[in-house]
Each structure stands twice: as C-alpha cells, then as structure tokens.
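Welcome! Here are a few notes to help you find your way around. Have a look at the picture first, then read on.

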Amino acid sequence: MKQVNYDLLIIGGGFAGSTAAWHLANKGLKILLIDSKPWSRIGDKPCGDAVSKEHFDNLGMPYPEGEQLEQKIEGIKLYSPDMSTEWTVKGEGFEINAPAYTQRLLKEAQDRGVEVMDLTTAMKPIFQDGYVKGAVIFDRRKEEQIEVNAKIVIEATGYSRSFRSKLPQELPVAEDMDEKDSDIAYREVAYTRSDIEEPTYLKIFINQTTSPGGYWWYFPKGKDKVNIGLGIQGGMGYPSIYTFYEKYWKDYGADVDRSRMIVKGGALVPTRRPLDTLVWNGVIVIGDSGYTANPVHGGGKGSAMISGFCAARAVLNAFEKGDFSANSLWETNICYNDRYGAKQASLELFRRFLQKLSDDDINYGMRKKVIREEDLLEASTTGDLQLSVADKAIRVIAGIGRPSLLYKLKNVAQYMKDVKALYKNYPTSPEGLGQWRSNVRQLISEFDKVVS
Ligand code: FDA
Ligand code: PGT
C-alpha cells in the first residue's frame with residue numbers, strides 16, 4: 001500500500017475541521033485534510049444555519065460575506081406552546097450559506113499550504129503502542145488505499161464519529177453516548193409565497209406535542225426564503241421525524257411554498273456535555289464528534305469552531321515540545337471547557353429538566369416569568385441560571401393545584417452551578433480524569449433522581 005507522511009491529518013472538513021485547518025495553515029506544519037464529500041458539497045449538511053456573531057469575534061475569524069451570508073440576524077423570538085407568550089432575545093448573528101462559508105475557510109487554508117483531498121474517506125485508524133499514528137484512507141478519485149502516517153490526527157467526522165468509533169473501546173476518546181442525549185432534527189429550505197415580515201428575527205416555537213423534547217424553528221434566509229424544521233428527543237421511540245414534519249409544518253410555516261423547495265434532510269444533534277476528554281495519545285476530537293453542540297438549543301457550529309480553535313492551539317504547542325501524548329494535548333480540554341464545555345454541562349442538566357416539563361408548565365412558566373427572557377439568554381450564554389424573580393412565582397406554583405416540576409427549579413439551578421464548578425475544576429492532566437469523571441456521573445445521577 002502507498003505510504004505518505006504528514007505532521008497532521010484532519011479527518012472531516014465541516015465547520016470543526018475547516019476551522020482547525022484555517023487556524024493551522026501556514027504555521028510550518030505539513031497538513032492533510034480529507035473529506036468523503038466532493039468539494040462542492042463540503043459543509044453541506046442538514047442544519048438551521050444560524051450562528052451567533054460573537055463566535056467569529058471571539059476566535060478572530062472572518063464574518064460570512066457575499067454568497068456566504070444569507071441574512072443578518074438581530075435576535076430570536078421564542079413562543080410558548082399556546083402561542084400566548086412571545087419572548088424576544090436580542091443578539092446579533094448570521095443565517096449563513098454553510099457550504100459556501102466552509103469552502104471559503106478550506107480554500108484559504110489550502111492557499112496557505114494545507115493539502116485538501118475531497119472524495120477521500122478515512123477507513124480505519126493506525127494505532128500502535130497506545131498512540132494514534134495515522135489512518136488508512138481511501139481516495140475515490142484514484143480508487144486507491146493510502147497509509148497516512150501522522151504525528152497527530154484530528155477527528156472532525158461530525159455525529160458519525162466514524163474514525164474514533166474504530167479505536168479500541170477502552171480509550172476515553174472512544175466514549176459512546178445515550179441516544180436520549182441527542183435530538184433527531186429535520187429541515188427544509190424553500191421559498192415563501194409572500195415576503196417574510198421580520199426577516200431579521202429567528203423564530204423558535206416550543207411545543208411538546210408538535211416537537212417533543214425539542215422545538216420547531218423558522219429561520220429566514222432572506223426576504224422570501226426560509227429554513228424551517230424541528231427537533232425531537234432521540235431514543236424515545238417517537239414516530240419518525242417526517243411524520244411530525246408532515247403533520248405540523250403548516251402550523252409554523254403556512255407561507256412556505258414546498259413546490260419551490262431548495263433542499264431538505266435530517267440528521268442528529270448531540271445535546272449533552274462534551275466528551276469527557278477530547279484528546280488521547282496522538283488524537284484530538286472536535287465538533288459534533290466530541291459532542292460540542294449546545295444542549296438547550298442544539299446549535300453546534302459556533303462551538304465546533306471553538307473546539308477547532310482550541311485544537312489548533314494545542315497542536316502548535318505539541319509540535320513545539322515534540323510531545324504528542326494525551327498529557328501534551330490536554331490543553332485542548334482546558335481551553336474548550338473554559339470557553340464552552342462547562343456551560344454545556346450546566347445546560348445538559350437544564351435540558352433534561354426542560355424536556356420533562358409539560359406544555360402547561362411551559363405556558364405557565366413563560367407567562368408568569370418563572371424564568372425571564374434575559375435569564376434564559378444569560379443561561380444560554382454562560383450556563384448560569386439566575387432566578388431573580390422566580391422566588392415569588394415558585395411559591396405561587398404551590399397553589400396552582402396540580403403537580404408541577406417547576407417546583408424543582410431552584411434545585412435545578414443549584415445542580416447547574418455545581419456541575420459547572422466541577423468543569424471549572426477540570427483535571428490538569430489525564431491522571432485526574434477517572435476520579436473527575438466519576439464525580440460528574442454521580443452528580444448527574446443524583447440530579448436525575450431529584451427531577452424525576
Ligand atoms: P459536520 O457533520 O458538519 O462535518 C463532518 C465532516 O466529516 C463531513 O463533511 C463528512 O463528510 C466528513 N466525514 C465524516 N466521516 C469521514 C471519514 N471517515 N472520512 C472523511 N471524511 C469524513 N448548529 C448551529 O450552529 N446552528 C443551527 O441553526 C443548527 N441547526 C441544526 C439543524 C439540524 C437539522 C441539525 C441536524 C443540526 C443543526 N445544528 C445547528 C448543528 C450543526 O449542524 C453541527 O453542530 C455542526 O455542523 C457540526 O459540525 P462538524 O464539523 O462537527 O460536523
Ligand atoms: C429543550 C431541548 C432542546 C433540544 C435541542 C433541539 C435541537 C433542534 C435542532 C437544532 C436547531 C439549531 C438551532 C440553533 C439556534 C441557534 C441559536 C443561537 O445562536 O443562540 C445564541 C447563541 O448561543 P451560543 O451558545 O452559540 O453562543 C453564545 C455566545 O454568543 C458566545 O459565547 C444565543 O441565543 C439563545 O440562546 C436564545 C435562547 C434559545 C433557546 C432555545 C429554546 C429552549 C427552550 C427554552 C424553554 C424555556 C421555558 C421556560 C419555562 C420555565
């Protein structure tokens with residue numbers, strides 16, 4: 001078999017992989033990035049395509065522009081199940097053309113020296129002496145298998161986890177997940193019959209009947225084009241996502257002209273804390289493969305970028321030291337948990353709680369402002385749930401005459417704080433991982449008992 005040598009192999013050119021490549025280009029490393037898709041389809045995956053502007057600012061990355069930008073966003077409107085409460089959460093963002101933006105990053109990385117091979121799939125890891133040392137890849141253009149030896153492999157294969165799932169199962173980076181910690185999501189992009197009233201606002205509709213354990217969204221992509229879809233909790237034995245779509249789409253997108261559909265499709269989103277460790281000897285896991293999406297709203301593009309950025313920093317430092325061990329790559333975890341992972345752990349608990357609420361609870365909670373919109377925004381930005389006005393409301397709940405989980409909100413907020421504190425004390429080296437992991441698991445199982 002043909003053999004080639006690189007410093008770094010990046011598997012997957014989605015948001016995570018292309019960000020890592022973009023940050024690492026022109027830094028003196030010999031880098032190969034591969035993706036199974038043809039160039040023109042890289043970055044093309046089922047998605048709502050909404051990304052907060054802050055992520056680009058925080059990571060020093062270019063804003064989407066020209067054909068990469070479909071709509072500038074000024075905020076999100078959130079609707080209660082009975083539609084009687086509308087909350088507006090302000091915040092700048094973009095509705096992007098994801099393939100165009102991803103391919104731009106890849107092209108810029110390529111122009112600065114990163115080799116990119118499309119139509120090329122990683123078939124299996126090369127694993128020796130406890131280290132990931134590369135991958136056997138298949139080039140579909142030339143129909144040949146190639147052995148790629150690399151000092152570090154970045155696994156950015158998305159929810160498929162198609163590389164790390166073939167590593168020895170005892171490695172912490174091979175960690176699997178519970179399907180209930182995911183949402184199944186489906187969306188269509190189509191033209192509308194008339195102009196959209198407020199194209200600068202994303203709309204999110206919470207409703208446990210039409211989208212159990214998730215929500216419906218209506219995200220404008222210009223004045224007469226929309227990305228509309230829904231998520232439902234995975235592993236619950238619900239009917240297929242298409243059944244929900246067909247049954248309810250008119251409730252949320254009566255103006256959508258499905259005969260002028262541009263694209264449709266579904267996929268899974270992880271809605272949990274990140275992988276306990278994103279690194280092991282010779283390997284770094286980023287993006288959906290590392291479970292980096294936001295557990296409460298499912299947005300994962302911004303955090304995929306953060307994980308790509310953190311990985312890039314760790315790679316550069318590892319090459320400086322000439323050490324590619326888990327210990328050396330560990331700073332990826334510290335960087336990621338500090339910037340986003342701790343908040344995810346806290347929001348995983350919030351998500352578990354929200355998914356158990358009935359529509360009546362949510363209607364009541366939103367109407368009475370048991371949580372206020374600014375508190376929800378703060379929770380989703382930082383992971384800290386303030387209950388500034390909730391005390392009185394929670395006492396009122398005691399009088400509504402039916403059992404309600406909203407009662408537990410104070411405990412929920414406390415557990416969220418506790419788990420975040422555990423993440424802020426993430427072990428400084430791999431030796432501490434075992435004890436830390438068991439503390440996290442214990443806290444989550446206690447939490448589940450409290451809110452059940
Ligand atoms: P992604 O899946 O994008 O990329 C993985 C790449 O790896 C692919 O290009 C694939 O071809 C390649 N690959 C896989 N295995 C390979 C192998 N063995 N060899 C070579 N290549 C391989 N997020 C958000 O921020 N805003 C939003 O509005 C939404 N909305 C949304 C809606 C729906 C329906 C879903 C399903 C998801 C969302 N998300 C979202 C989540 C978001 O789409 C997701 O978190 C990111 O796109 C993840 O980016 P990655 O780069 O990790 O994976
Ligand atoms: C409840 C479980 C839900 C499971 C998930 C469903 C999955 C569906 C599929 C995915 C669709 C993706 C849609 C992505 C939307 C992007 C939203 C967005 O960009 O949010 C911004 C940015 O957040 P960030 O974390 O990326 O960045 C933070 C910062 O900018 C950088 O540091 C923030 O805006 C919000 O978070 C607004 C709130 C959205 C809330 C979503 C609904 C949750 C339901 C809440 C119910 C409340 C009821 C209370 C009753 C007591």
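1. Let's begin with ligand 2 in this predicted model. The elements that each supply at least two residues of its shell are α2 (53-59), β4 (69-79), β10 (182-192), β12, α7 (331-356) and α9 (373-382). Of these, α7 gives the most, with 5 residues.

2. In total, 27 residues surround ligand 2, and the closest are E54, H55, Y340, K343 and S380. By class, this shell divides into 14 nonpolar, 9 polar and 4 charged residues.

3. Some polar contacts of ligand 2 are worth finding on screen. An N or O atom in the side chain of E54 is 2.9 Å from an oxygen atom of ligand 2. For K343, a polar side-chain atom lies 2.9 Å from a ligand 2 oxygen, and for H297 the distance from a polar side-chain atom to an oxygen of ligand 2 is 3.1 Å. Ligand 2 taken alone exposes 1,200 Å², of which the protein buries 92%.

4. Now turn to ligand 1. It has 33 residues around it, with D35, G48, A50, S162 and D288 the closest. Where does ligand 1 lie with respect to domain 1 and domain 2? It lies between them, because domain 1 (2-47 + 100-177 + 272-329) and domain 2 (69-95 + 179-270) both give residues to its shell.

5. The backbone takes part here too: a backbone N or O atom of G300 lies 2.9 Å from a nitrogen atom of ligand 1, and one of S36 lies 3.2 Å from a ligand 1 nitrogen. From the side chain of K45, an N or O atom is 2.8 Å from an oxygen atom of ligand 1. Taken alone, ligand 1 exposes 1,000 Å², and the protein buries 92% of that.

Terms used
Residues are numbered from 1 along each chain as its sequence is written. Chains are lettered from A and ligands numbered from 1 in the order in which they are written. This is a predicted model: local features need pLDDT of at least 70, side-chain atom pairs count only at pLDDT 80 or more; totals for chains, interfaces and linings use all residues. Side-chain values use heavy atoms; hydrogens and water are left out. A residue is near a molecule or strand if one of its heavy atoms lies within 4 Å of it. A polar contact is a pair of N or O atoms within 3.5 Å; within protein, one must be able to donate a hydrogen and the other to accept it, and residues adjacent in sequence count only if both atoms are side-chain atoms. Accessible areas come from the Shrake-Rupley method with a 1.4 Å probe; for residues, only the protein chains shown count as cover. Domain bounds come from an automatic or database domain assignment. Helices (H or I, at least four residues) and strands (E, at least two) are DSSP runs, numbered from the N terminus. Ala, Val, Leu, Ile, Met, Phe, Trp, Tyr, Cys and Pro count as nonpolar, Asp, Glu, Lys and Arg as charged, and the others, Gly among them, as polar.
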